[in-house]
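Visitor: Could you take me on a close look at one part of this structure? I'd like to start with charged side chains and then follow the trail wherever they lead.

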Amino acid sequence: MNQKLLMRRCLLLAKKGKGKTSPNPMVGCVIVFNNKIIGEGYHKGFGYSHAEVEAIKNVKDKKLLKKSTLYVNLEPCNHHGKTPPCTDLIIEEKIPNVVIGSIDPNSKVSGKGIEKLRENKINITYGVLEKECKELNKRFFCYHLKKRPYIILKWAKSADGYITPHNQIKGSIFWITSKQTNIISHKWRSEEDAIGVGINTINNDDPELTNRFWTGKSPYPVIIDPKNKLSLNSKLLKKHKKIYHFIDKKIVESNHQSIKIDFNNSIKELLSNLYKDNISSILIEGGRITIQKFIDSNFWDEARLLIGEKKIENGIESPSIRGASWIEKKINVDKLYISRNHLSNKL
């Protein structure tokens, strides 16, 4: 069977774990004997069995493993974490051939899994659909290589270029985009570890920052609040058991469990704190000042700009990224523009 076709099957299986595996990667595995798939599996969530274990478990006739080829989109692990090393199981079952999409960027693995398999006389092929395999786990690769979360900027602007009206009533939200687009926005929330906003967004909109319109988890709120203005009555404090509340290190007292940072170097310190707490991705949703600060500091990996049909006429102007290349998509009556930053900063 075609190696690329089988690796695409691994990627398709891996995607089933989207939003559930962090800080682990999404991994799918297929086992083939005599040009026929005899077992497959994927990593269903953090703390659950890895894809290789699931695939091997699903092979009915275990005797066939000794004559089979195992396909997996990421290098099998060789260390003890929440689960035992996958390399040990592959060796134990005497699987003679392993085809790998990409090497694991985690320094605990990074080539060591391949080395261990080769030492046990297992034939290794790697680099099959490597680009696609890395793209699927872009958050995981960013976390381990750049030592910070993968950063997605997301905002909506009106047809005439504003993100919110000047005369917006406090505590209310002006919806620029359609209901269908709002549902998709909440789906995006379910896929990331954290969601970041500035204190002005909290005080003006009083958002919940939850995933209400899609299945799955809600991200952890990250509040950028240098002067410690977060109200005890904020909805998000009632909706979330854990938040990341960043205040200036000069603040003496806080009503919340806060993290004090130097706001002269705020983004680096914020990202460093999130990295240390195993946050592998963050969706920055607002407001304008917060998003523009990430843009100007070049701390962003992906931007998602939504443009609705409504006009505001008098409002706060949208953030902007100079020189960005955008891919346009249609969502119902709205437009989605996506840009990638290939020169984003490390910590």
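Guide: Happy to! There are 19 salt bridges in this structure, a salt bridge being a side-chain nitrogen of Lys or Arg within 4 Å of a carboxyl oxygen of Asp or Glu. In general, side chains of opposite charge can pair when their charged atoms come close. Before we zoom in, keep in mind that this is a predicted model, where local features need pLDDT of at least 70 and side-chain atom pairs count only at pLDDT 80 or more, while totals for chains, interfaces and linings use all residues. Residues are numbered from 1 along each chain as its sequence is written, and side-chain values use heavy atoms, with hydrogens and water left out.

Our part is helix α6, made up of residues 138-146. (Helices and strands here are DSSP runs, numbered from the N terminus: H or I with at least four residues for a helix, E with at least two for a strand.) Is this helix mostly covered or mostly open? Mostly covered: seven of the nine residues in α6 are buried. (Buried means under 20% relative accessible area, exposed means over 50%, and partly exposed is in between, using a 1.4 Å probe and protein chains only.) The buried ones are K138, R139, F140, F141, C142, Y143 and H144. As you can see, that list includes K138 and R139, so let's check what they pair with.

K138 meets the side chain of E135 in a salt bridge, 3.6 Å from N to O. What do the two partners look like in terms of cover? K138 has 14% relative accessibility, so it counts as buried. E135 is partly exposed, with a relative accessible area of 36%. This pair also has company: E135 and K138 belong to a network of salt bridges with E302, R304 and R340.

Next along is R139, which forms a salt bridge with E192, and here the closest N and O atoms are 2.7 Å apart. This one links distant parts of the chain: R139 is in helix α6, E192 is in the loop between α7 (179-191) and β8 (194-198), and their places lie 53 residues apart in the sequence numbering. Both partners are tucked away: R139 is buried, with a relative accessible area of 10%, and E192 counts as buried at 0% relative accessibility.

Now jump to K146, whose side chain meets that of D301 in a salt bridge (3.6 Å, N to O). Here too distant parts of the chain are linked, with K146 in helix α6 and D301 in the loop between α11 (288-296) and β13 (302-307), 155 residues apart. D301 has 5% relative accessibility, so D301 counts as buried. Just after the helix comes K147, which takes a positive phi of about 60°.

Charges aren't the whole story of α6, so let's turn to rings. The structure holds three aromatic pairs. (Rings of Phe, Tyr and Trp, the last by its six-membered ring, pair if their centres lie within 6.5 Å; planes under 30 degrees apart are stacked, over 60 are edge-to-face, and the rest are tilted.) One of them is formed by F140 and F141, which sit edge-to-face at 6.4 Å centre to centre, with 85° between the planes. Both F140 and F141 are buried.

For another example, look at Y220 and Y244: they are edge-to-face too, 6.1 Å centre to centre with 80° between the planes. That pair links distant parts of the chain, with Y220 in strand β9 (residues 220-224) and Y244 in strand β10 (residues 244-248), 24 residues apart. Y220 is partly exposed, at a relative accessible area of 37%, whereas Y244 counts as buried at 5% relative accessibility.

Finally, rings and charges come together. K242 lies over the face of Y220, 5.3 Å from the ring centre. (A charge sits over a ring if NZ of Lys or CZ of Arg is within 6 Å of the ring centre and within 35 degrees of the ring normal.) You'll find a similar arrangement at F174, where the charged end of K310 sits over the ring, 5.4 Å from its centre.
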